[in-house]
Amino acid sequence: MSLWTLYFLLLKATLSSFSGLASLPILREDFVVRRPVLTDRQLNTALVIGRTTPGPKGLYVVSLGYYVAGYPGASMAWAALVTPALLVVAMLGVAARFTGDPRVKRMLRTVVIASAGISLSATLPLGLDALTTPLAWVLAGVSLVILLRTEVDTLWVMAGAALVSWAASFVNLTRG
Amino acid sequence: MTAPPLAQLANVFLRIGNLTFGGGGPTIAAFQREMVDRRQWLSPEQFALSYALSRITPGTNLFAFCTCTGALLRGFAGALVALGAASIPSCILVAVLTAGFDTASRWGAVNVAIDGAVAASVGILLASCWSIIAPYVTRANGARTALLAGVSFGLSLISTPLLVLGLAAVVGWFWRERE
């Protein structure tokens, strides 16, 4: 498979989805079923890597690109991931013309409030997946309190939680 | 609000975009804390605009969010810097990890540390939810704000975020502020 074909197939999949893993069925159809250049095992491995690295879950696409064509394939996957994001610049140009309108301001306000509800619902699956031990509950709770009561950078909170979790593994506190 | 230098912009997107675990949600929450609450680069309205536009942009919401906030802060150059800084290092990490996956999966200590970071990201998301709605929880509008957030939460469990945001925008059209 040529790098351009790889780019356009990955771009098609990312353009067809609005969240991290929504492109998965299209990618499986294109790379596992129609053109067997990947196996289901590689697809699953890519998902695991995407979940265990920082950043969006959609980064598993980079892993797929690597499996198809090595580092050049991974570069094409990065390009396919970031290309759709540039559309937002044009959309911003249109939207910015209307942001002074009081009704648009009120709409943005309700969208902000709704986004808090959406974030809360996104916390549920993440919590179910992550909070499997008493230590994980404590880390989540302490992180919440620190973030609400102090100005500490979120990265220090995450780094501290990672360090505590690592240290706790020596006394078996990371088991459920 | 003053536009930050590109180097400072790159620094923030580089750090938060590539070091926050748990997916796009916690990462956007961390950006909200950094750029709205701490540095005050963005107003809550600009954050809302970026959030809404990133949701209706196809592809990875987080990258669209970074591009949009970068464009709001420093124009097209800011958009490119934000997008590049937030995406390139983590993509390189994924490619390198894929190349050495069998070896990396045997590093138990790394997996345990990541588990701790992901647990903290639950706290980050919850804190972000509160800091997003806190400015709107006033004596006059607190009940309506809580109701809207609660209904959005319930709807997003059974529907798509895009639909919930669309409905919220319709509610906003008729929303009347109480003094």
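What is the mean pLDDT of chain B, and what share of its residues reach 70 or more? Keep that in mind as you colour the structure by confidence, because this is a predicted model. Chain B has a mean pLDDT of 85, with 95% of its residues at 70 or more.

**Stop 1: chain B by confidence**

Stay with chain B and select residues 61–99, which form helix H4 of chain B; confidence peaks here, at a mean of 93. Then move to residues 101–104, helix H5 of chain B, where the mean drops to 66, the lowest in the chain. Where pLDDT is low, the predicted coordinates should not be read in detail.

**Stop 2: the fold of chain B**

Switch to a cartoon view. You will count eight helices and zero strands in chain B, so to speak a run of α-α-α-α-α-α-α-α along the sequence. The C-alpha trace of chain B spans about 60 × 35 × 30 Å along its principal axes.

Now colour by domain: residues 6–121 of chain B are assigned to domain 1 and residues 137–179 to domain 2. Taken over C-alpha atoms, the centres of these two domains of chain B are 26 Å apart.

**Stop 3: a single residue**

Select B:Gln40. It sits in the loop that links helix H2 (24–38) and helix H3 (44–56) of chain B. Check its backbone: phi is positive, about 55°, although B:Gln40 is not a glycine.

**Stop 4: over to chain A**

Chain A has a mean pLDDT of 84, and 94% of its residues reach 70 or more. Among its elements, H4(A) has the highest mean, 94, and H3(A) the lowest, 77.

Chain A is also divided in two, with domain 1 covering 3–86 and domain 2 covering 99–171. Their centres, over C-alpha atoms, are separated by 27 Å.

**Stop 5: where the chains meet**

Show both chains together. How many residues of chain A are in contact with chain B? The count is 79 residues of chain A, touching 93 residues of chain B. Between them the two chains bury about 7800 Å², 78% of it on carbon and sulfur atoms.

To find the chain A side, select helix H1 (3–15), helix H3 (40–52), helix H4 (60–82), helix H5 (87–96), helix H6 (102–130), helix H7 (134–149) and helix H8 (154–168) of chain A; these are the elements that each give two or more residues to it. Zoom in on H6(A), which gives the most, with 23 residues. Colour the chain A side by residue type and you will find 51 nonpolar, 22 polar and six charged residues.

Finally, turn to the pairings across the interface. There are 10 residue pairs in polar contact between chain A and chain B, counting those with both residues at pLDDT 80 or more. Salt bridges between the two chains number zero by the rule.

Definitions and conventions
Residues numbered from 1 in each chain as written. Chains lettered and ligands numbered in written order. Predicted model: local features only at pLDDT ≥ 70, side-chain atom pairs only at ≥ 80, totals over all residues. Heavy atoms only, no water. Domains from an automatic or database assignment. Contact = heavy atoms within 4.5 Å. Buried area = accessible area lost by both parts, 1.4 Å probe. Salt bridge = Lys/Arg side-chain N within 4 Å of Asp/Glu carboxyl O. Polar contact = N/O pair within 3.5 Å; in protein donor to acceptor, adjacent residues only side chain to side chain. Helix = DSSP H or I, 4+ residues; strand = E, 2+ residues; numbered from the N terminus. Nonpolar A, V, L, I, M, F, W, Y, C, P; charged D, E, K, R; others polar. pLDDT = per-residue confidence, 0-100.
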